[in-house]
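Colleague: I have a chain open on my screen and would love a guided close look at one part of it. Could you pick up its salt bridges for me and set them in the context of the rest?

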Amino acid sequence: MASFNLPLTKKSKAQPATAPVWHPNFRNFERLPDTKVVRTAFFISMGAIAVTAGLLLWAGTREYHLHVLSQQIAEAQARIDSKTKQNNEALRLSKVFADEEKKLSEAANFTGTPIRLTELLIQLGQTLPKEISLEIADYRLTPSADSTKPSSELMVTLRGSARGTADEASGAASSYIELLRTHPSFAAAFDTVELTNINRDARTGFLIFEVILRVKPDGKGKNS
């Protein structure tokens, strides 16, 4: 006879698990006190203090550097002002020296010329042709146009007139200029004799001329 073994009773998997214990949570976490050992507010405060201290230190260091730079600038400006006064005084004295040197040089050139004004007037009077009349004899120092010559040179300007007809007056003026170039006294004293202007005076009919005589530099040709 067939036997039937009935399976042992097993707990059904379909049996629902025990329901967890449940209760409502009425806690308000925003209002509950902070129970941490070190509170979060402490870290926030310390961070703010550290940032503030860093900013104050940076600002103080910057102000100190600015103060040091200001002192250095003031000291440098004081030295510049002191040197500027000395430099201005040196420039003033240098200008005074240059002016005095120029005056001395002009005086030396003037007194060292191979012919003096009185001698020139005597020579002009002795050599003046009867057809020629001199109205002006200008005797002065002028800046030299030649860099190889002294800074100033003696120049004599003669203005006069020649009488006679056009041909006679022109011939007389040319002869007088040639006399100024070749006469021993004038040739020894003057480097150049140049006719700069000649024209006829409509009122008098005379021939008006102007001659420039440049004295030889450094007294060359001066009679001993």
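What follows is a walk through the salt bridges and their surroundings.

Modeller: Gladly! Please keep in mind that this is a predicted model. The mean pLDDT of the protein chain is 75, with 67% of its residues at 70 or more. Residues 219-224 have a pLDDT below 50, and in the model this stretch makes ten contacts beyond near neighbours in sequence. Where pLDDT is low, the predicted coordinates should not be read in detail.

Now the frame. The protein chain has four helices and four strands, arranged along the sequence as α-α-β-β-α-α-β-β. Of the contacts with a separation of 6 or more, 61% join residues 24 or more positions apart. Buried residues make up 19% of the 224 residues.

On to your salt bridges, of which the count is two. Side chains of opposite charge can pair when their charged atoms come close. One pair is Glu89 with Arg92, whose closest N and O atoms are 2.7 Å apart. Both sit in helix α1, and because they are three residues apart there, about one helical turn separates them. Glu89 is partly exposed, with a relative accessible area of 37%, and Arg92 is partly exposed too, at 44%.

The other pair joins the side chains of Arg159 and Glu210, at 2.6 Å from N to O. This pair links distant parts of the chain: Arg159 belongs to strand β2 (residues 152-162) and Glu210 to strand β4 (residues 207-215), 51 residues apart. Arg159 is partly exposed at 32% relative accessibility. Glu210, at 18%, counts as buried, because the cut-off for buried is under 20%.

Back in helix α1 (residues 40-111), you will also find Leu69. Together with Leu66 and Ile73, Leu69 forms a nonpolar surface patch with about 280 Å² of accessible area. Leu69 itself is partly exposed, at 45% relative accessible area. For the protein chain as a whole, the exposed area is about 17500 Å², and carbon and sulfur atoms supply 59% of it.

Helix α2 (residues 117-127) is worth a glance as well. Its buried residues are Leu120, Gln123, Leu124 and Thr127. These cover an arc of only 100 degrees around the axis, so they lie on the same side of α2. Thr118, Gly125 and Gln126 are exposed on the other side.

Note on methods
Residues are numbered from 1 along each chain as its sequence is written. This is a predicted model: local features need pLDDT of at least 70, side-chain atom pairs count only at pLDDT 80 or more; totals for chains, interfaces and linings use all residues. Side-chain values use heavy atoms; hydrogens and water are left out. pLDDT is the predictor's confidence in each residue, from 0 to 100. Contact means heavy atoms within 4.5 Å. Buried means under 20% relative accessible area, exposed over 50%, partly exposed in between (1.4 Å probe, protein chains only). Helices (H or I, at least four residues) and strands (E, at least two) are DSSP runs, numbered from the N terminus. The arc is that of the directions from the helix axis to the C-beta atoms. Patches are made of residues with over 30% relative accessible area and no salt bridge: like charges are joined within 9 Å, nonpolar side chains (Val, Leu, Ile, Met, Phe, Trp, Tyr) within 5 Å. Accessible areas come from the Shrake-Rupley method with a 1.4 Å probe; for residues, only the protein chains shown count as cover. A salt bridge is a side-chain nitrogen of Lys or Arg within 4 Å of a carboxyl oxygen of Asp or Glu.
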